[in-house]
Amino acid sequence: MHDLYPEVMAIFLRLGEEYGLKGRICRPGFAHEKLLSTSAFSDAFYGDNATEEGFLEILENHSCESLEIMCHPAYVDSELYHGTSYNIPRVEELRILTSPAVKKYIAERGIELIHFAGLGA
C-alpha cells in the first residue's frame, strides 16, 4: 500500500484486519500487528539503479526476515510499450532477475523467494 494518503491508509488497515488481507507497506519501520506484510521494503531497484550489482547490493544490505523488492520485470508487448514510459527497462529488469549470477547468489545464501500468499505461512 503506497501510504501517501493517511485516510486511505486507515481504510486499508481496517479492511486488512477485517478480511485477513496481506499488503505492501512502503514506509520504513512501519508495522501493523494485524496486517501481514513483509518486514522490509526496498524501492531501490528502479531506473538507473536497476542493475545486477544494485540488486545484489539490496540483498546484501538487508538482514531481515522478509523483504519486498519493488520491481517491474516484463516481456514488453505493444500495449505495454505504448502504455508506459517505463517499458524497455522492464526487459532489462527481467534479464537481471533471471541472470545466472543472481540465481547463484540467492541459492548460495539459501534465500527463499515467496509471493504474498506465502507471508505468515
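The secondary structure of this chain comes to five helices and two strands, and, because the model is a predicted one, local features are described where pLDDT is at least 70. Read along the sequence, these elements follow the pattern α-β-α-β-α-α-α. The chain has 121 residues, of which 31% are buried. Among contacts between residues at least 6 apart in sequence, 49% join residues that are at least 24 apart.

**The nonpolar core**

The largest nonpolar core has 12 residues, namely F45, A50, F55, L56, I58, L59, I69, Y86, I96, V102, Y105 and I106. Two helices, α2 (52-61) and α5 (100-108), each supply at least two residues of this core, and the largest share, four residues, comes from α2.

One member of the core, I69, touches S42, F45, F55, I58 and L59, when residues up to four places away in sequence are not counted. Of these partners, S42 has its place in strand β1, which covers residues 40-42. S42 counts as buried because its relative accessibility is 6%, a value that falls under the 20% cut-off for burial. Leaving aside its neighbours within four places in sequence, S42 is in contact with I58, H62, L67, E68, I69 and M70.

**Helix α4**

Helix α4 covers residues 88-97, and V91 is found in it. Within this helix, R90, E93, L94 and I96 are buried. These four residues cover an arc of only 165° around the axis, and they therefore lie on the same side of α4. The buried residues of α4 pack against α2, against α3 (78-83) and against α5. I96 thus appears both among the buried residues of α4 and in the list of the largest nonpolar core.

V91, by contrast, is partly exposed, with a relative accessible area of 39%. Not counting residues up to four places away in sequence, V91 touches A74 and V76. V91 and H72 are 19 residues apart in sequence, and their C-alpha atoms are 8.7 Å apart in space.

**Accessibility of selected residues**

The table gathers the relative accessible area of four residues, two of which are cysteines.

| Residue | Relative accessible area | State |
|---|---|---|
| S42 | 6% | buried |
| V91 | 39% | partly exposed |
| C64 | 32% | partly exposed |
| C71 | 32% | partly exposed |

A disulfide is a covalent bond between the sulfur atoms of two cysteines. The structure holds zero disulfides. C64 is partly exposed because its relative accessible area of 32% lies between the cut-offs of 20% and 50%, and C71 likewise counts as partly exposed at 32% relative accessibility.

**The largest pocket**

About 770 Å³ of space lies in the largest pocket. It is lined by 21 residues, and the closest of them to the centre of the pocket are L67, I111, E112, L113 and I114. Three elements, α2, β2 (67-69) and α5, each supply at least two residues of the lining, and the largest share, three residues, comes from β2. L67, one of the residues closest to the pocket centre, is also among the contacts of the buried residue S42. The helices α2 and α5, which each supply at least two residues of the nonpolar core, are also among the elements that each supply at least two residues of the pocket lining.

Notes. Residues are numbered from 1 along each chain as its sequence is written. This is a predicted model: local features need pLDDT of at least 70, side-chain atom pairs count only at pLDDT 80 or more; totals for chains, interfaces and linings use all residues. Side-chain values use heavy atoms; hydrogens and water are left out. A nonpolar core is a set of buried Ala, Val, Leu, Ile, Met, Phe, Trp, Tyr and Cys residues joined through side-chain atoms within 4.5 Å. Buried means under 20% relative accessible area, exposed over 50%, partly exposed in between (1.4 Å probe, protein chains only). Contact means heavy atoms within 4.5 Å. A disulfide is a pair of cysteine sulfur atoms within 2.5 Å. The arc is that of the directions from the helix axis to the C-beta atoms. On a 1 Å grid over the protein atoms alone, a cavity is a set of points where a 1.4 Å probe fits but cannot get out, and a pocket is an open set with protein on both sides within 12 Å along at least five of seven lines; lining residues have an atom within 4 Å of a point. Grid points are joined across faces, edges and corners, and a volume is the space filled by probe spheres set on the points.
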